[in-house]
Structure formats: structure tokens, C-alpha cells
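Notebook open, coffee poured. I want to look up the metal site and the charged pairs here, and jot down what I find.

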Amino acid sequence: MPKSYQNLFEGNRNWVNAKLESDPAFFENLSKGQKPPFLWIGCSDSRVPANEITNTDPGEIFVHRNIANMVVHTDMSMLSVLDYSVNVLEVRHVIVCGHYGCGGVIAAMGNKSVGIIDNWLRHIKDVYRFHRDELDAINDDKARADRFVELNVIEQVYDLCKTSIVQNAWANGRFLQVHGLVYDVANGILKDLHVTVSGDSEMEKIYVFDKGIVK
Ligand code: CO
């Protein structure tokens, strides 16, 4: 693990050499363009690097990360990533990946003010409010936080499905699946929450746009 700023460059050179050793055309091929089948919306947490934990290479996953892997429908950065990946790169799978022990989710469970991030965490507090009965019934703090992490991922999956971008893809007959995953920092295992949505027939009706109106 790099310990100093200079170590980053040393690490980079070693990585380049290792890649070239296994595939001399690795960078040449990447330079031609990207066609990743996956968009990954994950947490900024340094312990959850999308490529590394899925054993994939550069070029395979388009990535957006923010604190607590949130899909906030007024977030221009997230919307731009989503629009570009769905409509230009034509990804087939959008993945929301949360992780147990997420500092953002745990902070959202409490009442301590941590600065400007309070405003971001408020979106996660909404998730708690939706699921208060289930979460309040869990006495163990860690078990409650773990379930909150899962419920937060599930809500973000549904929030993705509510965007005009995803609905438009479905209206146009495109194959696009939205998945919810949780990563366990303590053992490295990635878990499918089995909440995959493949079309708007699986959604609550209030959020579904009429066909032909979606632009
Ligand atoms: Co996190």
C-alpha cells in the first residue's frame, strides 16, 4: 500500500509493467475507446474499489462514487454519469453497491452534526424514516446499521428506476437492469440483494411515466 505521495508513482510504474507483461497490447487496446457493460454507483470509501473487488480491468466498469452511494435526482454529476453511460456507452447493467460499516450511513443513524455533509446525509435519513418500524425493531446497533445499509441500497435502486433516463431506456425497448449489491469490508464478499429491476412494470405506479411522453 502506498505510504507516501512518491510511492504512488512507483506503484504506477510497477502496475504498468505487470500489465504489459501479461498483455503487451493492454494500454494500446484501452486507448481505442471504452464499451463497459456496467455502471457502478458506489461509496467513496477507500476500501471499496469497484474494479479490484470484482476482479475486473480498466474499461469494464464505468464508475460514479459519492458518500453512501446515493442516487439523488437533483445531483447533476450523478445524472450526467447515468445519462452518458446509458445513452452513449449503452451499459446493460446499473449497479448500486453499498457496504457494511459505511460511515455515511452510520452517521445518518445518529444526531451528531458533522458539517456540510449533514445536508447530504439527510437523504439517507429519509430512508430511515421510510423504514423506521423495521429498523427501530432491531436492538443490536451493528445489525441495525447493516440492515440500514441494505435498505439504503434498495431505495437507491428504486430512485434510479424513477429517473427519466432509465425509464426512457425501457420505453425504447432497451435491455437495462438495475441491481442492488452490498459489499462486506470485513471479509471481501460481494452480495446480491436480489432486488434487480428490469422494467417499469415492477415499480410503484406513481413513479411510472406514460409511454410516449418520456423524452
Ligand atoms: Co460508505
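**Metal site**

I started with the cobalt ion, whose donor residues follow the spacing C-x55-H-x2-C in sequence. This is a predicted model, where local features need pLDDT of at least 70, side-chain atom pairs count only at pLDDT 80 or more, and totals for chains, interfaces and linings use all residues. Residues are numbered from 1 along each chain as its sequence is written, and side-chain values use heavy atoms, with hydrogens and water left out.

Which atoms are the protein donors of the cobalt ion? I noted Cys43 (SG), His99 (NE2) and Cys102 (SG), at 2.0 to 2.3 Å from the ion. Donors here are N, O and S atoms within 2.8 Å of the metal (3.2 Å for Na, K and Ca); water is not among the atoms, so sites may look incomplete.

Next I checked where the two cysteines sit. Cys43 is in strand β1 (residues 38-43), while Cys102 is in the loop between β3 (93-99) and α5 (103-109), so this pair links distant parts of the chain, 59 residues apart. Helices (H or I, at least four residues) and strands (E, at least two) are DSSP runs, numbered from the N terminus. Cys43 and Cys102 are both buried, where buried means under 20% relative accessible area, exposed over 50%, and partly exposed in between (1.4 Å probe, protein chains only).

**Salt bridges**

How many salt bridges does the structure hold? I get 10, taking a salt bridge as a side-chain nitrogen of Lys or Arg within 4 Å of a carboxyl oxygen of Asp or Glu.

One of them pairs Arg47 with Asp45, with 2.7 Å between the closest N and O atoms. Arg47 is partly exposed at 43% relative accessible area, whereas Asp45 is buried at 16%.

I then looked at Arg147 and Glu134, whose side chains form a salt bridge at 2.5 Å, N to O. Arg147 belongs to helix α8 (residues 141-162) and Glu134 to helix α7 (residues 132-136), so the bridge ties together parts 13 residues apart in sequence. Both ends are partly exposed: Arg147 has a relative accessible area of 24%, and Glu134 has 36%.

Glu150 bridges to Lys191, the closest N and O atoms being 3.2 Å apart. Glu150 lies in helix α8 and Lys191 in strand β5 (residues 190-192), so this pair ties together parts 41 residues apart in sequence. Buried or partly exposed, I asked of Glu150? Glu150 is buried at 12%, while Lys191 is partly exposed at 37%. Last entry: through shared partners, salt bridges join Glu134, Arg147, Glu150 and Lys191 into one network.
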